[in-house]
Amino acid sequence: MATPLHFVSSKVYPRLTGGRFNSLRVAFVVITQLLYFGLPWLNWGGQQATRFDFDSMRLYLFGLTLLPQDFIYLAAALIVAALGLFLWTMLAGRLWCGFSCPQTVYTEIMIWIERWVEGPPNQRRKRDAAPWGAEKVLRKGTTQLLMAAFSLWTGLTLVGYFTPMRELAANLGAGHIGVWEALFALSYGGFTWLLAGVLREQVCKHMCPYARFQGAMFDRDTLLVAYDDKRGEPRGARRKQHAIIPIAANVGRDDKPQGACVDCGLCVQVCPTGIDIRDGLQYECIGCAACIDVCDEVMDKTGQARGLIRFSTQHAMEQQQPLPLLRQRPRALVYSGLLLAIVALSATGLALRVPFKVDILRDRAVMQRESNDGYIENVYNVRIMNTERDSRRYQLQVESTGLVRVEAPPLQVAGDSVTSFNVALVADPALLPSGSHTVSVRIVNLNDPSQVLHEEARLLMP
């Protein structure tokens, strides 16, 4: 019979488990959501700490104001994220997927909502298989309503990173919201509900490209969730042991040698993607370690040592070798070196970055003119962009042999604004020959004289 080109996977009802890794997952859910939902409400220096303003094309980031010409830092951040993902995947597999990925985090939240409203997995499975009735409609409707409300909240929070959050909240309280804001909130909220509330593990198994190309970044020393088949096989039911005993002494009901695995199937029941870790390395495994937690509980109950399922590497599992050092893995050194170099260069650039921009453009209406005292004036339009929060004063100075001077008082620019000024450069025709001359102009921030920019202007003499 021909194999179908597609199939419909049955819904996964992951069983709730405890343990140290489950506590860690819960902690990551709480921390990531506190950051996501809390940052738009955080003020820094009188303004929202993190916000991208589409109108002025400015990124406000904890006191920094980044302009379009500063987006090289955004490119650097994306490169660092990519290299960091490569390095992390090579060293620790899919731990990002299992603990911090937004799909995993939001799916976990949706499962919590479903479990709170509809009960444990067995009840949900029976209810889904049962015909529709009032009780089923009520519970399913409540679940979907809560999921939709949470999804909409995530969408509105995302909009708060582009529209001032307090202004957005006030508009919502008054009952009105902009068209684009509503569109973005509904779109992101809708995708959150669809991916985390409906598709769930199908995203990780069939839609996420990371699951497909991760194998190219793995090696035999990558940290993985692994089942110790040498210790666990042959699997089968067994009586509780009151002390940890050698595997060779383990016997089943037929007095045959037996492995540590009691074949309880709990590792499959708790898996959010519905796989059996005992079948070996599978791309669907997201490294959440739920199977480790539940297997450790079973080992405790049967009086055996923990670690039948554990974080390990292929080398360590096969040869009982310790985890490799970073220096023994050239790719890790290359990735780490590139990461450190890019981070160091970006940090240096931000530290030395002057928080104002200056453009000096010749006034086309007045190429050159003679003043009453016989000097030649060239008029320029000086445009100063102050990216700091407070007002600043700037002084223009000419770097020359004294043949040219600036006729302009200190120029004041309000905080986070752009102001244009008409400035004249004056020269004595008796000392400066005719023709075009390059003049270097020094712009000093009088509030912080260490901040200096240098620009060039063309001076025309008759």
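Visitor: Why is Leu-61 called partly exposed?

Guide: Leu-61 has a relative accessible area of 35%, and because buried means under 20% and exposed over 50%, with partly exposed in between (1.4 Å probe, protein chains only), that value places Leu-61 in the partly exposed class. The model is predicted, so local features need pLDDT of at least 70 and side-chain atom pairs count only at pLDDT 80 or more, whereas totals for chains, interfaces and linings use all residues. Residues are numbered from 1 along each chain as its sequence is written, and side-chain values use heavy atoms, with hydrogens and water left out.

Visitor: What makes Leu-42, Trp-44, Leu-61 and Phe-62 a nonpolar patch?

Guide: These four residues form a nonpolar patch on the surface, with about 350 Å² of accessible area together (Shrake-Rupley method, 1.4 Å probe, only the protein chains shown counting as cover). A patch residue needs over 30% relative accessible area and no salt bridge, and nonpolar side chains are joined within 5 Å, where a salt bridge is a side-chain nitrogen of Lys or Arg within 4 Å of a carboxyl oxygen of Asp or Glu. Leu-61, at 35%, therefore meets the area condition; it is found in strand E4 (residues 58-61), a strand being a DSSP run of at least two residues and a helix one of at least four.

Visitor: How do you know that E15 and E16 are paired?

Guide: Two strands pair if DSSP finds at least two bridges between them, and 10 bridges join strand E15 (residues 435-445) to E16, so the condition is met, with the two running antiparallel. In one of these bridges, Val-441 has Glu-455 in E16 as its partner.

Visitor: Why are E13 and E16 said to stand at the edges of their sheet?

Guide: The open sheet has four strands in the order E13-E11-E15-E16, with antiparallel pairing. Strand E13 (411-413) and strand E16 (452-461) each have a single partner strand, so one side of each is left without a neighbour in the sheet.

Visitor: What makes a set of residues the largest nonpolar core here, and which helix supplies its largest share?

Guide: A nonpolar core joins buried Ala, Val, Leu, Ile, Met, Phe, Trp, Tyr and Cys residues through side-chain atoms within 4.5 Å, and the largest such set has 32 residues, with Val-225, Ile-277 and Cys-291 among those having the most contacts inside it. Helix H13 (290-301) is one of the elements supplying at least two residues, and its seven residues are the largest share.

Visitor: Why is Asp-263 called partly exposed?

Guide: Asp-263 has 40% relative accessibility, so it counts as partly exposed. Its phi, near 55°, is a positive value in a residue other than glycine, and its place is in the loop between H11 and H12.

Methods. Patch = residues over 30% accessible without salt bridge, like charges linked within 9 Å, V, L, I, M, F, W, Y side chains within 5 Å.
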